[in-house]
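Welcome! Here is a short tour of a protein model, from its overall make-up to its interior. Have the structure open as you read along.

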Amino acid sequence: MLAACDANDGLEDGMIFATGACDFDPSALACGNADACLTANQVAGLEKAFLEPIDSEGNQIYPPFPWDAGLNASGGGLPGILASGGTSPVQPQRTSGDFNVDAEAHALTSDVLGRIGDSLLPHLITFQERGSKILFYHGMSDPWFSGNDTRLYYESLAGPSGGADAVRDFSRLFLVPGMGHCGGGAAALDRFDLLSAIVDWVERDVAPDRVISTGDALPGRSRRTGICALPGRSANWRERPGDGREQWQ
């Protein structure tokens, strides 16, 4: 996966910044040796797992999970989605191949209290009009909620808020490669300061287009790495080591 997608952002560093451009194909790892490659069933399973679930009428029930460097992570925090069987709180291990998407979707939409508590209505008009500011962030290896879900919600703000430029006037979204649920991940850059960023925005009118981040993905490295906000000129920014030049993807 990294061989196929890591360099899409212009730099091979063990992370997938250009998530939307990742066209990893699991079938490239299929061969006749089950100890060294993926079996045909494993390839089919991965291909199906990383498609968005749809109901019998073709309606998307949930966005797909992105290909990201922390999908198989284990250790502290929640495990990656490919390692989240067993006792993980994300989802107990399932061995059955049967899953009725229509029935599961109906159960969710029929849960009135759940819909109230979990609703993501894209209407922040009052919040926007009073001059408030908000920052969103999401780890792209989060096994509980797809980072694409938050991205789509953020993009949906444009309709009721007066367009993408109007959304940018009061909010930013940071998508963090390799990071799991709220933080963590051996392939993550999950240490960054959004509190100072939003204080600067509210008190000094300095909007946070990027934040400097560090993490276990670059152990022992002095290079500063940054993540850029959406919407904007780019989703990801890094400073090249030594020359001080900014690199945008």
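How many helices and strands does the protein have? There are nine helices and six strands.

## Overall picture

Please keep in mind that this is a predicted model. Of the protein's 249 residues, 37% count as buried. The accessible surface comes to about 14,000 Å², and 52% of that surface belongs to carbon and sulfur atoms.

Now for the contacts along the chain. Taking contacts between residues at least 6 apart in sequence, 54% join residues at least 24 apart.

## Aromatic pairs

The structure holds eight aromatic pairs. In one pair, the ring centres of Phe136 and Tyr154 are 5.6 Å apart and the ring planes stand at 70 degrees, so the pair is edge-to-face. Phe136 belongs to strand S1 (residues 134-139) and Tyr154 to helix H6 (residues 147-156), so this pair ties together parts that are 18 residues apart in sequence. Both Phe136 and Tyr154 are buried.

Elsewhere on your tour, look for Phe24, Phe50 and Trp67, which form one aromatic cluster.

## Nonpolar cores

The largest nonpolar core has 17 residues, of which Phe174, Phe192, Val211 and Ile227 touch the most other members. Strand S2 (171-176), helix H9 (194-204) and strand S4 (225-230) are the elements that give two or more residues to this core. Helix H9 gives the most, with three residues.

Apart from this core lies another, made of twelve residues, including Tyr153, Tyr154, Leu173 and Leu230. Tyr154 is also the partner of Phe136 in the edge-to-face pair.

Conventions:
Residues are numbered from 1 along each chain as its sequence is written. This is a predicted model: local features need pLDDT of at least 70, side-chain atom pairs count only at pLDDT 80 or more; totals for chains, interfaces and linings use all residues. Side-chain values use heavy atoms; hydrogens and water are left out. Rings of Phe, Tyr and Trp (its six-membered ring) pair if their centres lie within 6.5 Å; planes under 30 degrees apart count as stacked, over 60 as edge-to-face and the rest as tilted. Helices (H or I, at least four residues) and strands (E, at least two) are DSSP runs, numbered from the N terminus. Buried means under 20% relative accessible area, exposed over 50%, partly exposed in between (1.4 Å probe, protein chains only). A nonpolar core is a set of buried Ala, Val, Leu, Ile, Met, Phe, Trp, Tyr and Cys residues joined through side-chain atoms within 4.5 Å. Contact means heavy atoms within 4.5 Å. Accessible areas come from the Shrake-Rupley method with a 1.4 Å probe; for residues, only the protein chains shown count as cover.
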